[in-house]
Amino acid sequence: MMRRTIPLFITAFVGSILVIAYFIPHPPFDQLREDFSIFFDIIAAVAFILGGGNLIRMHGNRVSRREKGYGYSLVTVIGFALVLVIGLTKMGNPDGFRNSSVTAAGSYFDLAYQYVFRPCAATMFALLAFYVASASFRAFRAKNVEASILLLVAFIILVGRTFVGAWLTAWLPPSLDFLTIPYLADKIMTVLNFAGNRAIMIGIALGIVSTSLKVIIGIDRSYLGSG
Amino acid sequence: MKRIVWWGLLGLVVLVLALRVAGGEMRSPFADLQGFGVWFAAFLTLAIVSFLYNDNPIYRFAEHLFVGVSAAYWMVMGFWSTLVPNLLGKLWPSLTARWFMPGLAEQARDPLWFLYLIPLAFGILLLTRLLPKGGHLSRWALAFILGTTAGLRLIAYLTADFMGQVQATLVSVAGYTPALTPGGAGVFSFERMFWDLVAVVAILSALSYFYFSKAHTGAFGRFSRLGIWVLMVTFGAGFGYTVMGRVALLVGRVEFLLADWLSVL
Amino acid sequence: MSRFIRFVETFNSLDKRWIFLAVGVAVVTATIFRLTFPEIPTPMVRAIYDKVETLPVGSRVLLPFDYDPGSEPELQPMADAFVRQCAEKGLKMYFIALWPLGQSMVEGVINRVLLEEYPQLRYGEDYVDLGYKSGGEGVIAVILTDLKKLYTTDARGTNIEAIPMMAGIANIRGFDLILNVSAGYPGLKEWIQYAGTPGNIPTAGGCTAVQAPLLYPYHPDQMLGLMGGIKAAAEYEALMMEGYPKFAENKARYLTALTRMGPQTVAHLAIIFFIVAGNVAYQIMRRRKGAAR
Amino acid sequence: MPSTAPRPAGRSGRGRRRGAPPGRPALLLAALCLLLAAPAPGQEVPPLPADPPAEAARPQPPAPPPPPPAEVRAADTPSDSGRSVTVRWSPPAEPAGAGGPLLGFRIERATGADGPFAAVGQAPPGAVRYDDTGVDNGVAYYYRVVATRLDAETASAVAGPAIPRPQWINTNQWNVFLILALLLGFNLYFIEHIKAGGKPFIRKIAGLEAVTEAVGRATEMGRPILFVPGIQDMNDIQTVAGVTILGYIARTTAEYDSRLTVPTSRALVMTTARETVKEAYLSAGRPDSYDESSIYYITDEQFGYVAGVNGYMVRERPATCFYMGAFYAESLILAETGNSIGAIQVAGTAQPAQLPFFVAACDYTLIGEELFAASAYLSGEPKQLGSIKGQDVGKLLGMVSIVIGVTVLSLALVTGWEPLRRAAEFVREFWSTELA
């Protein structure tokens with residue numbers, strides 16, 4: 001009984017206070033919503049202990065049990081431990097432990113960022129250039145009305161982003177300006193894309209309001225089990 | 001056979017690189033820390049790109065290293081940029097100043113500092129998961145987090161996204177701009193009226209697609225079908241428009257390899 | 001089955017890795033060979049170019065650079081192009097910065113373009129760097145009435161009175177053009193609101209691609225032209241190349257935006273090719289299946 | 001870290017609507033621009049003179065100084081947390097041709113009616129309001145507004161005293177309160193209605209039916225199911241909705257006895273997901289099948305997480321991939337890798353920028369609001385369906401307002417009839433969240 005009641009009460013109390021605080025400009029309520037976002041950040045930072053701990057335990061187990069491919073797990077464990085130590089001790093920071101930022105140029109932590117973290121993240125991100133190509137090859141096929149619209153619009157926008165767009169329809173007389181690709185691309189982006197996104201956003205906002213309400217009144221609580 | 005070709009190719013590449021380094025045409029990996037760093041970064045870049053061909057040991061190495069390093073990176077950042085200034089700094093400013101952040105020394109303690117005992121308490125409750133017993137107390141922390149999220153997002157989305165977007169749609173579709181100076185003539189544009197009307201109809205039809213509690217049949221069904229088309233236009237346009245930015249990222253990596261590492265640009 | 005049909009069938013369900021290879025090769029070659037493509041300038045870009053072209057020699061142009069290293073890759077090509085064109089036309093350039101780091105952006109352009117390419121131009125006679133002042137739109141409002149209230153010296157510490165090209169300038173209202181490059185606040189919007197419109201000074205400029213839609217409404221009444229991001233800069237460079245053919249000789253130096261557009265255009269064309277070819281193959285296969293039935 | 005630029009806090013300027021008329025671009029775009037382009041803090045920027053006199057600043061016979069700003073009023077800014085005074089004035093009549101246009105206003109402040117006055121801020125020409133936020137609560141301040149022109153300036157009469165204080169209720173937000181009450185009311189009403197035995201109709205949602213089918217397929221093939229709850233933390237409602245859907249999927253996998261893997265990008269999401277899945281297995285009567293280690297944290301880093309999930313996908317080859325939550329640029333990397341291993345993929349996100357990629361690369365996609373509807377639908381609790389009905393009423397409210405508002409606005413503009421103009425103004429005010 002208590003196992004469920006107290007969490008439900010905490011959620012309901014905190015949620016409603018934060019909703020009401022929006023309408024109270026008087027201190028301390030004016031800062032409450034900002035304060036609680038910071039509280040969230042703090043708890044999330046504490047939770048790193050759970051996350052990092054789980055990562056180390058998982059890969060550590062693989063290493064200690066000599067599971068297949070445990071060498072890779074060893075790489076993760078070493079990389080994690082090394083960066084954690086040099087980051088928490090600010091090793092190699094030019095102005096020492098107390099007076100410099102952890103990301104100061106020249107620190108070992110910064111080196112790990114520059115030569116491991118950043119190239120990996122940037123390259124992973126850059127893989128998207130390849131994936132947009134393969135996805136458009138596969139998905140943009142005129143299979144039915146919806147897919148054909150998707151194809152046609154993507155084509156106009158893609159072409160419109162290059163010089164080809166202006167060239168393709170440059171022969172049209174000025175009276176047919178509204179059929180040129182640059183014009184169509186502009187209208188698709190500024191009118192239709194805009195309208196569609198707005199409808200999506202309105203829908204999402206309502207979904208979020210309803211879901212938040214369900215969380216506050218305690219009927220959406222899957223982490224506590226339903227029923 | 002295939003294997004021999006691969007190894008041969010690899011050997012050739014290593015040879016060319018070695019010759020270039022020997023000839024002073026590119027940075028040596030053993031010259032200094034930066035030199036080694038650039039080589040290692042180039043290696044990781046190629047390792048990740050190799051995933052496009054297939055999963056392989058080199059990608060797997062890069063992946064595991066990246067996971068370990070980045071997890072620790074964000075953990076360290078969480079410690080220095082959140083826990084120290086926002087928790088320790090609020091609760092014990094002088095102590096924090098002495099040990100970690102001299103910059104805090106001049107600041108007086110926040111009059112509402114005790115509020116920060118709340119996240120401290122819930123943070124500790126969360127960690128009770130690590131204890132063999134009493135793990136259910138961590139649910140209190142989850143309850144606190146969910147309450148915070150719901151309370152903050154409910155209002156934020158209601159005002160900015162629901163009201164804000166509806167309000168922004170409230171525009172004239174008359175295609176008419178009244179004169180700005182007294183006595184001047186207004187301007188009517190058929191083109192503008194047309195597109196403004198299109199926009200409003202598009203928004204309404206797309207919204208009707210999201211209407212769940214009415215069967216999408218008859219006239220309403222046709223209207224919501226129009227809404228699906230609007231959504232398809234939106235997605236096609238969104239996709240097409242993003243391609244350029246993604247290619248720019250790839251160009252950035254190619255430039256890194258060609259210029260910073262190989263020094264051929 | 002004919003060979004053609006077999007080819008079409010293979011292409012229809014092509015292994016992704018061929019597409020990856022095509023995109024990769026396209027981008028790498030375009031980067032190595034610095035491929036450029038003709039850009040067709042949009043009216044907003046052309047308006048700025050034409051305005052600068054038609055200014056008489058000796059006209060005064062105010063060049064506020066309100067951006068920082070974060071947005072430098074996107075904005076530097078247009079800043080360089082503006083300065084180059086002003087130098088070619090013999091206009092007097094007055095640099096100013098409302099962002100603390102805008103000052104170093106100005107210095108960068110002076111070193112890169114003016115000192116290296118136009119060594120005959122003299123500091124203090126042909127161009128001057130007035131430097132950074134804090135206060136955002138407040139600064140604009142003040143210098144519109146009284147420049148010397150805020151600027152007693154230039155960025156190098158020289159007394160304003162001793163700078164030949166400052167003689168007779170009480171405020172910026174006598175200027176012939178404001179050509180801004182901005183990445184946010186304060187930026188083009190503030191220059192339009194606090195200087196261009198109240199002071200009746202022709203105003204134009206460039207901004208990041210993300211910001212451009214926010215500024216469109218000022219065109220054409222309060223802003224004569226607008227350039228958004230690297231694409232607009234490439235169009236401007238295309239115009240420059242048209243007007244001054246010598247710029248075509250050193251792409252890496254004069255046409256940075258156009259060269260940066262090169263790989264992007266190639267990749268776009270590759271993707272467009274795959275979409276079109278994929279659909280052709282798909283339709284052929286569908287017809288065949290339909291006929292077989 | 002995520003690759004989309006944050007939307008600037010939207011403030012729709014009442015005055016700004018009257019700004020420069022948009023040229024060719026659709027008025028709609030202009031409306032967005034005006035909505036997004038927030039004015040400089042503390043200022044309201046009404047129309048700039050549309051047609052400034054062509055002649056300016058040429059030596060002319062001395063013109064009379066500009067007329068002073070009239071009716072200057074300074075008062076505590078209402079409905080705020082204090083430390084702010086609002087100064088308002090009427091736009092001075094501008095005699096054409098006499099000394100050129102106005103350059104703007106300088107706002108000056110003093111702690112005594114006789115001064116000394118010091119400048120606290122600038123406002124552009126045509127402005128009628130300035131918020132001075134550099135003041136202390138409980139102190140009396142006096143203000144004057146100086147109209148400036150190139151050659152001359154004129155100060156207004158002194159206004160005040162104004163004493164800044166904080167207020168307890170933000171009356172400016174009455175409309176937000178009303179709309180909130182309406183939405184919450186309808187949600188609660190329909191939830192209660194269903195509790196009392198009402199049966200709502202909910203239309204078919206394609207992605208939703210695919211969920212059960214996809215779980216069944218993985219079971220048949222004897223391969224695992226991958227569930228990705230997005231890359232955001234528990235402070236995003238999308239993650240909450242995703243975890244609710246995870247609860248349903250976990251109940252199904254518990255019944256079918258198939259393997260479920262949940263890699264997370266946040267420690268808190270891992271913790272919540274573990275609680276949820278454990279509860280699901282418990283309620284399905286299979287607590288012993290629950291394996292905590294199948295729900296694990298990878299890294300907070302967006303692309304590090306993707307690298308890890310990609311690696312999992314190509315090595316373990318799940319038959320089914322679910323992507324439910326908040327996604328950024330990684331959406332397409334995941335979906336294309338999932339496609340290459342031949343998995344059936346069901347995505348759901350309320351991240352508008354990523355929807356195109358999921359729609360293109362996945363078999364089924366829950367679009368925006370459908371994600372939340374699906375989480376209510378799959379929760380297994382009929383009363384949660386009430387919230388879907390509540391969402392629909394909200395949409396109806398929005399749609400009706402758009403139809404009425406657009407009609408009234410258009411008519412008001414064409415006819416210029418004052419009562420219509422006021423009605424149009426009211427409709428816009430009603431939906432405005434700007435602090436007046």
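**Helices and a buried residue in chains B and D**

Reader: Which residue, with a positive phi, follows H1(B)?
Author: This is a predicted model, in which local features need pLDDT of at least 70 and side-chain atom pairs pLDDT 80 or more, while totals for chains, interfaces and linings use all residues. Residues are numbered from 1 along each chain as written, chains are lettered from A and ligands numbered from 1 in written order, and side-chain values use heavy atoms, without hydrogens or water. After H1(B), a helix (a DSSP run of H or I, at least four residues, numbered from the N terminus), phi is positive, near 70 degrees, at B:Gly24.

Reader: How far does helix H1 of chain B reach from its first C-alpha to its last?
Author: Helix H1 of chain B covers residues 2-22, which is 21 residues. Its expected span (1.5 Å times one less than the number of residues) is 30 Å, and the model comes close to this, reaching 30 Å.

Reader: Is D:Thr271 buried or exposed?
Author: D:Thr271 lies in helix H5 of chain D, residues 267-283. Leaving aside residues up to four places away in sequence, D:Thr271 touches A:Leu50, B:Leu126, B:Arg129 and B:Leu142, contact meaning heavy atoms within 4.5 Å. Because its relative accessible area is 1%, against a limit of under 20% (1.4 Å probe, protein chains only), D:Thr271 is buried.

Reader: How is H7(B) oriented to H10(D), roughly parallel or antiparallel?
Author: The axes of helix H7 (residues 190-209) of chain B and helix H10 (residues 385-415) of chain D come within 10 Å and cross at roughly 165 degrees. Axes are lines fitted to C-alpha atoms over the stretch in contact, with angles from 0 to 180 degrees between N-to-C directions. Since angles over 145 degrees count as roughly antiparallel, H7(B) and H10(D) are roughly antiparallel.

Key
Helices (H or I, at least four residues) and strands (E, at least two) are DSSP runs, numbered from the N terminus. Buried means under 20% relative accessible area, exposed over 50%, partly exposed in between (1.4 Å probe, protein chains only). Angles under 35 degrees count as roughly parallel, over 145 as roughly antiparallel, 65 to 115 as roughly perpendicular and the rest as oblique.
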